[in-house]
Amino acid sequence: MNAWEVLVQQTINGLTRGAVFALIALGYTMVYGIIELINFAHGDVFMLGLFISLSWFTLLGVTKTLTGWQLLTILPLVFILTMLTTAALNVAIDRVAYRPLRRSTRLAPLITAIGVSFMLENLALLWKGPAPIAYPDVFPSVDILREWFGVDSAIFVTTKDVLVVGATIPLMIALNYFVTRTRWGKAMRATAQDRETAQAMGINVERTILLTFFVGGALAGAAGLIQGIYYNIGMWWMGYQAGLRAFTAAVLGGIGNMPGAALGGLFIGFLSAWSDQYISARWTNAIVFSILILVLVFRPQGLLGARSADKV
Amino acid sequence: MTPALRWAALVAALLAYPFVDRALGLQTVHAVSDGMIYVLLALGLNIVVGYAGLLDLGYAAFFAIGAYAMGLLNSPVLGSPLYGYPWSFWVCIWIAAAVSALLGTAIGAPTLRVRGDYLAIITLGFGEIIPVAIRNLGDITLDIGGWRPIERLNLTGGENGVNPIGRPHLPGVPFETDPVPWYFLILVIGALSIWAMTRLHDSRLGRAWMAIREDETAADCTGVNPISTKLLAFALGASFSGFAGSVYAAKLQAITPGAFEFQVSIMLLCMVVLGGAGSIKGVILGGMLITIFDRVALAQMTFFVRWVGRATGVQALAAADVTLWRWFFFGLGLVLVMLLKPEGLAGRRVRPIAPADDDLDSPRIEEAPRRAAALPAWLLDQARRGAAPDPILEVRGLARRFGGVVALADVDLVVPRGAVIGLIGPNGAGKTTFFNVVTGLIPPDEGRIAFAGASIVGLRPNAIVARGIARTFQSIRLFPQMTVLENVLVGEHCRLRASVPGAVLRPASVVAEEARARERARELLAFIGLDGKAQDLARNLPYGDQRRLEIARALASEPRLLLLDEPTAGMNPRETENLTTLIGSLRRELELAILLIEHDMEVVMGISDRITVLDYGVRIAEGTPAEIQRHSKVIEAYLGTGYEREPHA
């Protein structure tokens, strides 16, 4: 591999990583936009999404690579089932741990969110054990350049890379349509801007918040499934780190800003892949967190957000 | 039992404990000492979270810095060229605290512009970076195109940590073999720390921390510098964890980066939140409960569950290990405490205030005017000392835009010495924006603001208070969870001088200053008619009293110009009358200049010397009350066109 091929390969890796971060970041940014809560447990919903999707595959009797028509039936079915499960989980978390604190100080639900995060991680540890678990290779992995195009290149692009991008983009388009073009999306945007006025206009605010958690949880579940299929491995502690990176992505894009979260996710994906390659994988976390800190300190509205004044 | 007796019993129990333990052969001294280190850490965190209200999710980083400072200076074996010969424990412990405090300040400095949950995430980020750095600095190779100026440098011991670390040496004290000296060492450090923390809490600095916690903007506008106050919270909180970390390192004889992960920060936060943020007793209680739970209860529960499993023949229970549920229980604990008892087991009730229910259902108790006391003599003294310059405030060409909205455009306003100037205008005219610009909350886009002849543009609000401008807010912004007296004392903050060592050691000068401050605050409360309520929480006062307390707090900063933003809003006629009399006497007796935003025309016309009228950010009129009442533009602004000249038939 020459230097250029390394760069291209790491950029492709970054793209797939970033797509997963983007899906998680959207859940952070939507919840923050609507109730100004850093939903610390969101990364763990992503982690559980991976394990839950594994359970759905097992329930449906899938242990080997899917072929032919199965890819068009079972795979979408597991996507939907996983997303529904994690969506319900996310809504339940909100009901139990955040909703009673809606009128409380802002730090109170953040503390409960941390508590929920620890509970979920511990449950996953008890469920799957401390060692990393193998995720079955359900999606066929084909070396596209070589096998389809006959190009002999050091760069390695597989059908799995295509799946990650091919699943993420439709989800984002659907989300964008939902938020900008539907009644519920309009209610969501109105509630995010001013909860009280939205309520006065006849919007059921609690139901809108519920919907936000539902959609965010569904996206985290999809991200978990994609992660499992792509990397074939799952750890009980992966949610904490993925969550923090995704949160960094959301902050980078301007928290509350959905296109910003998607772009931020991609950026963090590229950055972590490049850092692994060109600096050292053991410093990548420190680099991502340094960026988080720098953005929060010097440009808290994010790279895309607009500055809002403090009310006096 | 009298308090003295209770104290004696506590001290006796603490002193006797290790000997009782030895006599009974319990061998718990080691575990108890370790638990005490964590309690000490939680107490340090309490300064940041409980006193100053800054959620710190990376506190273990300071613990790590303290421990590594001790480890690096005091380890005989570390392979780095920088170290390698052990220093004395008794020197290292101070260095560790100082390094922690320094890093607390360095880490705190850039983050303090950020508020609330963002600050929490930043501390978490630092908490993640420090262990990563410690791990990676155990093997540094700098490779610049084949040139390696640094190769395989071991600065921190890396993943293996530092081992061994030197113990303290005292002639005749067996730190090497016996846990009891450690117990007493930690007990002494803990007792000194609690003593210092208690004194800090009841000091000028302690009040400033609480004011920041309650309402940072209001604290800034009352003369408290939020930046330095928060930095001191970080620095002092970090220095206590520096002590704890260095003792921990020396006691354990070995440290690894794994001992300072996120989970440790969260466990410490659990201790603080469970016991009650802000309460030393609560945090000690929370720390003890969690340590016992972690070290004793979980293991015992495992035995119990297994016994139940064997007795009932349930295989799953017989093989269960409850200790694996450790973090589940910590998480559950955080959730349950926040949901059921957010003030903690021993904390003072710190609940957010419900939005004021404008007393529609409960008729407000009509209070007779109780202003009996005269103006405090010290305020009069201050007023007579040196004549204020004239004019006291001169604003020229002030402009401020928010995006496309012009809030203020080319506004001129002069407040002569000892005058009452009214500032009126329809809603949205820019009056409060004008106040916010003058008090430094919002920078102006253009224009000059001269106070007592010197420009104050670009100064922070607290610096402007120190120069002599005090204000009240349109929507009352007291420190709701502090007492009435404490609210006024925060007002005096910028006139007091006690430093951090002063607050802890309390030399005669600080004791005298504090006594004088309290005396002055009581006189002010008597003057304003709030004597007898000094120990009430500000949030429990009726509405009219809250308004007056806000004025008392402003007066406590010894202003030469007082900015009142709709002081009579929401008051009944009697309260309004009282307040008008009060403003009159301030101006008459103190020659205090007052700038007043007011919607009650009777009040504003009655007490103002001159009035400035704003409309859509533009000054449309200026003159005496009589002139303003006849001014056509003013009538137009308030009533619209077509009314200014009734056609006489």
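**Exercise 1. Domains of chain B**

Find which residue ranges the domain assignment gives to the domains of chain B in this predicted model.

*Solution.* Start at the N-terminal end: domain 1 covers 10–259 and domain 2 covers 261–349. Next comes domain 3, which is written as two segments, 377–468 and 558–639. Domain 4, at 481–555, falls between those two segments in sequence. To get a feel for the spacing, take the C-alpha centres of domain 2 and domain 3 of chain B, which are 56 Å apart. For the chain as a whole, the C-alpha atoms of chain B fill a box of roughly 105 × 70 × 55 Å along the principal axes. Within it, chain B has 24 helices and 12 strands.

**Exercise 2. How far to trust the model**

Work out what the confidence scores say about chain B, and where pLDDT stays under 50.

*Solution.* Begin with the global scores: ipTM is 0.88 and pTM is 0.87. Then turn to chain B, where the mean pLDDT is 86 and 92% of residues reach 70 or more. Now look for the weak stretch: over residues 350–366 of chain B, pLDDT stays under 50. The model has 16 contacts beyond four places in sequence for that stretch. A word of caution fits here: where pLDDT is low, the predicted coordinates should not be read in detail.

**Exercise 3. The side of chain A that touches chain B**

Describe the side of chain A that touches chain B by its helices and by its residue classes.

*Solution.* Count first: 36 residues of chain A are in contact with 37 residues of chain B. Two helices of chain A, H4 (107–128) and H11 (258–298), each supply at least two residues of this side. H4(A) gives the most, with 15 residues. Sorting by class, this side of chain A has 24 nonpolar, eight polar and four charged residues.

**Exercise 4. Burial and the nonpolar core**

Identify the residues that touch the most other members of the largest nonpolar core, and then examine B:Ile212.

*Solution.* As background, 45% of the 649 residues of chain B count as buried. The largest nonpolar core holds 276 residues, and A:Ile24 and B:Leu268 touch the most other members. Beyond its neighbours within four places in sequence, B:Leu268 has contacts that include B:Tyr38, B:Leu41 and B:Tyr59.

Now move to B:Ile212, which sits in helix H7 (residues 204–214) of chain B. Is B:Ile212 buried or exposed? The cut-off for buried is 20 or more other C-beta atoms within 10 Å. B:Ile212 has 25 such atoms within 10 Å, so it is buried. Among its contacts beyond four places in sequence are B:Ala52, B:Gly53 and B:Val224. B:Ala52 is 160 residues from B:Ile212 in sequence, yet their C-alpha atoms are 6.2 Å apart. As for the chain-wide picture, among contacts in chain B between residues at least 6 apart in sequence, 73% join residues at least 24 apart.

**Exercise 5. Following the strands**

Trace the pairing from E5(B) through E11(B) to E12(B), then take up the hairpin of E1(B) and E2(B) and the sheet that ends in E4(B) and E7(B).

*Solution.* Strand E5 (residues 420–424) of chain B pairs in the parallel sense with strand E11 (residues 610–615) over four bridges. Here B:Ile424 has B:Val613 as its bridge partner. E11(B) is also joined to strand E12 (residues 618–623) by five bridges, and these two run antiparallel. B:Val613 appears again in this second pairing, with B:Ala621 as its partner in E12(B). E11(B) and E12(B) form a hairpin with two residues between them, and B:Tyr616 in the turn has a positive phi of about 50 degrees.

Next, strand E1 (residues 140–144) of chain B pairs antiparallel with E2(B) over three bridges, with B:Leu142 opposite B:Ile150. Two residues separate the strands of this hairpin, and B:Gly145 takes a positive phi near 55 degrees. Why does strand E2 (residues 147–153) of chain B lie largely in the open? Of its seven residues, the number buried is zero, so E2(B) lies largely in the open.

Finally, an open sheet of four strands in chain B follows the order E4-E3-E6-E7, with antiparallel pairing. E4 (405–415) and E7 (454–455) are its edge strands, each pairing on one side only. Two bridges join E6 (residues 446–451) of chain B to E7(B), and B:Phe451 stands opposite B:Ala454.

Key: Residues numbered from 1 in each chain as written. Chains lettered and ligands numbered in written order. Predicted model: local features only at pLDDT ≥ 70, side-chain atom pairs only at ≥ 80, totals over all residues. Domains from an automatic or database assignment. Contact = placed C-beta atoms within 7 Å. Nonpolar A, V, L, I, M, F, W, Y, C, P; charged D, E, K, R; others polar. pLDDT = per-residue confidence, 0-100. Buried ≥ 20, exposed ≤ 12 C-beta atoms within 10 Å, placed from the backbone. Core = buried A, V, L, I, M, F, W, Y, C linked by C-beta atoms within 7 Å. Pairing = 2+ DSSP bridges.
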